[in-house]
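Reader: I would like to go through this structure step by step. Please show it first, and then I will ask about its parts.

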Number of protein chains: 2
Amino acid sequence: MASVKTPVRRRAGQSKGDQREAQILEATRALLTDRGVNDLTIDDIAGAAGISRTTFYFYFPTKQAVVMALLEGLWDQFGATYQWFESSGPDATGLHEHHRLVAEVWRDHQSILRCTTGALDYEPLVEWTERAHERFVTGLAAKIERDQAAGAAPLGVTPRALAEIVSELRDKRFPDLAARSGKSFEQGLEDLTEVVLRIVYGTVAQPR
Amino acid sequence: MASVKTPVRRRAGQSKGDQREAQILEATRALLTDRGVNDLTIDDIAGAAGISRTTFYFYFPTKQAVVMALLEGLWDQFGATYQWFESSGPDATGLHEHHRLVAEVWRDHQSILRCTTGALDYEPLVEWTERAHERFVTGLAAKIERDQAAGAAPLGVTPRALAEIVSELRDKRFPDLAARSGKSFEQGLEDLTEVVLRIVYGTVAQPR
DNA sequence: CACAGAATCGACAGAGTGTCGAATATCGCC
DNA sequence: GGCGATATTCGACACTCTGTCGATTCTGTG
């Protein structure tokens, strides 16, 4: 399911077309682990999915539309990590856990998520990224607002501005983190958490 | 001067070829203000420079090589802003000034600098970005190291890790800032400065 | 079993890219 | 003031990808 724009309405049930769509999605996901979207040709995808290039166009209008469909499937996974927004004050433990969850989504799907970075001029992709950004910023800004009001976070920079900055930092950090593992990964998580706390609360959690 | 890889050795003095090269550089710079690199065709550039497409190839191997040459010219401009690294402790004023200078370079040349972000798989461009990143990180890490040793900055996160994070933040922020102006620009500068200080020194400069 | 809609694909028509080799312009020098 | 060596320019090709059409083959259902 979830092609961005189904070219034609299909019959009910698990039609052959649904299978094909799934094959294309899967083939793309697989190919993406080796190469970036820009290096992928529609012919590659079609070939890997066992169909002709023209048939590909029956299911998706462009390569990017496939990536978009793949991305759509990750939307909820990120949403599920946002419960940290509900907390009050720094909540270092919760934040750390949140970071771990997000980093894991990134690690498992970095090949797809990286497509959002890669200068795509494909409108839907850009929009997805902005939507994700906005969702995060709104949520975090609200939390900061509450914490500032409660005196738990210092004033001086608006909640929105802080949230934007944290969001941008994450956009760079998580791809980075996704490439690490073991000790380095854990350390990266801790550093990120500490830095976000410093940004939002101005406090130093572990002076040593 | 400064083509990445001169196809053929030219004669001394301001040869016709040097002019052409300058024309190509200028034409590209101009076209880039409207469209991104990926939207630009070599034919567009050649046309704007008043030469045929094939002639373009005599001077540069690819579009990206032109961008690369343009970028090379900005290297020193950034280097000139790094004197802040020499200071001791927070030096909020110096940092703010540094940010202003960098933001101005970005503002004046954003069309070129944006090319580094735009998912270019062109090796030299990636390398330029990494070189720039490394130069900044090394410089900042050294300063943080000194400040930590002097007790002016809190421990808990290594200088290198902090510098990496600040660098990544800047990579996202400056393009943003470059698009703003007036009040919003100034505010953005101040926020960035405050946040960097919080990250590195854990202090809150202006509680209100 | 007939037929509407689903699915598939071959053949075309671009748009860009990059390369070759032939033609032309220019410079340094005798 | 003319010649040979380079520098410069470009037209013609060969390729790779993309996207569209229309014809053809399935397939489920009445």
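Reader: How much of residues 18-78 of chain A is helix, and how much is strand?

Author: This is a predicted model. UniProt, in an unreviewed entry, annotates residues 18-78 of chain A as "domain: HTH tetR-type". The end C-alpha atoms of this span are 26 Å apart. Its make-up is 72% helix and 0% strand.

Reader: What are the helix and strand percentages for residues 41-60 of chain A?

Author: The unreviewed UniProt entry places the feature "DNA-binding region" at these residues of chain A. The C-alpha atoms at the two ends of the span lie 14 Å apart. Over residues 41-60 of chain A, the values are 75% helix and 0% strand.

Reader: How far apart are the C-alpha centres of domain 1 and domain 2 of chain A?

Author: The domain assignment of chain A gives domain 1 as 16-63 and domain 2 as 75-201. Seven residues of domain 1 of chain A are in contact with five residues of domain 2 of chain A. On the domain 1 side, the touching residues are two nonpolar, four polar and one charged. The C-alpha centres of the two domains lie apart by 31 Å.

Reader: Which residues of α4(B) are buried?

Author: Helix α4 of chain B spans residues 63-72 and is mostly covered. Of its 10 residues, eight are buried. A residue counts as buried if 20 or more other C-beta atoms lie within 10 Å of its own. The buried residues of α4(B) are K63(B), Q64(B), V66(B), V67(B), M68(B), A69(B), L70(B) and L71(B).

Reader: Which element gives the largest share of the side of chain B that touches chain A?

Author: The contact involves 28 residues of chain B and 29 residues of chain A. On the chain B side, two or more residues each come from α8 (159-178) and α9 (182-201) of chain B. The largest share, seven residues, comes from α8(B).

Reader: How many nonpolar, polar and charged residues are on the side of chain B that touches chain A?

Author: This side of chain B is in contact with chain A through 28 residues. Divided by class, they are 11 nonpolar, eight polar and nine charged.

Reader: What kind of axis relates the two copies?

Author: Chain B superposes on chain A with an RMSD of 0.1 Å after a rotation of 180° and 0.0 Å of shift along the axis. In addition, 100% of the interface residues of chain B are also interface residues in chain A, so the copies meet through the same surface. From the rotation and shift, the copies are therefore related as by a two-fold rotation axis.

Technical notes: Residues numbered from 1 in each chain as written. Chains lettered and ligands numbered in written order. Predicted model: local features only at pLDDT ≥ 70, side-chain atom pairs only at ≥ 80, totals over all residues. UniProt positions renumbered as here; feature names shortened; annotations may be inferred. Helix = DSSP H or I, 4+ residues; strand = E, 2+ residues; numbered from the N terminus. Contact = placed C-beta atoms within 7 Å. Nonpolar A, V, L, I, M, F, W, Y, C, P; charged D, E, K, R; others polar. Least-squares fit on C-alpha atoms with pLDDT ≥ 70 in both. Domains from an automatic or database assignment. Buried ≥ 20, exposed ≤ 12 C-beta atoms within 10 Å, placed from the backbone.
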